[in-house]
Amino acid sequence: MGQAQHDGPTTVAIVDDHEAVRLGLRAACRDAGYEVVTEAAGVPELLDALGLDRVDVVVLDLSLGDGRSVTDNVRAVLATGSGVLVHSIADRVAAVREALAAGAAGVIPKSSPMSAVIGAIAVVARGDVLNNVEWASAIEADRDFAKAALGRRERDVLHLYASGLPLKLVAQQLGIAHSTAREYLDRIRQKYIEVGRPAPTKVDLLRRAVEDGILPGLDEAGDARR
């Protein structure tokens with residue numbers, strides 16, 4: 001399903017804390033016939049400028065230095081109904097993984113030609129996911145994205161909890177106190193944060209469990225519970 005369902009040019013917003021980058025992107029977008037609705041140095045500033053409106057694509061830098069997490073920034077933008085295209089430098093692989101896990105439609109390196117950035121905006125504006133071989137290779141080679149080093153009991157807790165059981169029942173099944181099960185769950189979440197794969201919600205934990213082979217994927221077990 002495409003993002004851009006309105007008549008008229010593709011609408012874009014730019015979030016980067018370097019003015020020169022914003023100016024360059026704005027000029028290139030306008031030359032391509034896109035409408036640059038707003039630009040901002042941070043996500044809160046963007047949200048204030050948009051109000052209740054949305055744009056087709058927000059081009060979002062990951063290195064904003066605003067103290068906000070990548071996940072928070074991506075999700076805040078997605079909540080406006082806008083698509084997210086990450087525009088980042090090549091050594092931010094963990095942050096890129098976090099952005100994609102949070103729902104960003106794709107990533108374009110800052111080293112890319114401006115024509116490639118413009119093309120990526122068009123892909124995201126259509127509602128498609130950007131398939132970027134360069135970034136896929138870089139991410140796949142990142143050793144920090146190896147499976148989180150979960151202990152046996154942590155894996156047991158994650159397996160049961162991500163399968164859909166309330167934490168109280170997880171504790172009962174494993175014969176441990178509810179507070180102990182909570183400590184295991186907190187440690188699991190912390191370990192995923194440390195490898196750049198945060199899992200703040202139960203659905204996120206389900207995704208991590210599937211990714212790490214702790215639970216079967218939905219294509220292998222269509223009745224897997226969320």
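The following passage describes the central sheet, the surroundings of Asp61 and the helix packing in a predicted model.

The model contains an open sheet of 5 strands, arranged in the order S2-S1-S3-S4-S5 with parallel pairing. The edge positions are taken by strand S2 (35-40) and strand S5 (106-109); each has a single partner strand, so one side of each is left without a neighbour in the sheet. From one strand to the next, the twist averages 20 degrees. The pairing of strand S1 (residues 11-15) with S2 runs in the parallel sense over 5 bridges, and Val15 is found opposite Ala40 in S2. Helix H2 (residues 43-50) lies across S1, S2 and S3. Relative to S2, helix H2 runs at about 135 degrees.

Val15 also takes part in the surroundings of Asp61, with which it is in contact. Asp61 is located in the loop between strand S3 (57-60) and helix H3 (70-78). This residue is covered by the UniProt annotation "modified residue: 4-aspartylphosphate", which comes from an unreviewed entry. The relative accessible area of Asp61 is 3%, and the residue is therefore classed as buried, the cut-off being under 20%. When neighbours within four places in sequence are left aside, the contacts of Asp61 are Val15, Asp16, Asp17, His87, Ser88 and Lys110.

Burial is also a feature of helix H4 (residues 93-102), which is mostly covered, with 7 of its 10 residues buried. The buried positions in H4 are Val93, Ala95, Val96, Arg97, Glu98, Ala99 and Ala102; Arg97 and Glu98 are thus listed alongside Val93 and Val96. Just after H4, Gly103 adopts a positive phi of about 120 degrees.

Further along the chain, helix H8 (residues 167-174) and helix H9 (residues 178-194) have axes that come within 8 Å and cross at roughly 105 degrees. H8 is therefore roughly perpendicular to H9, a description that applies to angles of 65 to 115 degrees. On the H8 side, the contact involves Leu167, Lys168 and Ala171. These residues meet His178, Ala181, Arg182 and Leu185 in H9. By class, the contact of H8 with H9 comprises 4 nonpolar, 1 polar and 2 charged residues.

Notes: Residues numbered from 1 in each chain as written. Predicted model: local features only at pLDDT ≥ 70, side-chain atom pairs only at ≥ 80, totals over all residues. Heavy atoms only, no water. Axes fitted to C-alpha atoms, helices over the stretch in contact; angles between N-to-C directions. Helix = DSSP H or I, 4+ residues; strand = E, 2+ residues; numbered from the N terminus. Parallel < 35°, antiparallel > 145°, perpendicular 65-115°, else oblique. Contact = heavy atoms within 4.5 Å. Nonpolar A, V, L, I, M, F, W, Y, C, P; charged D, E, K, R; others polar. UniProt positions renumbered as here; feature names shortened; annotations may be inferred. Buried < 20%, exposed > 50% of the residue type's maximum accessible area, 1.4 Å probe, protein only. Pairing = 2+ DSSP bridges.
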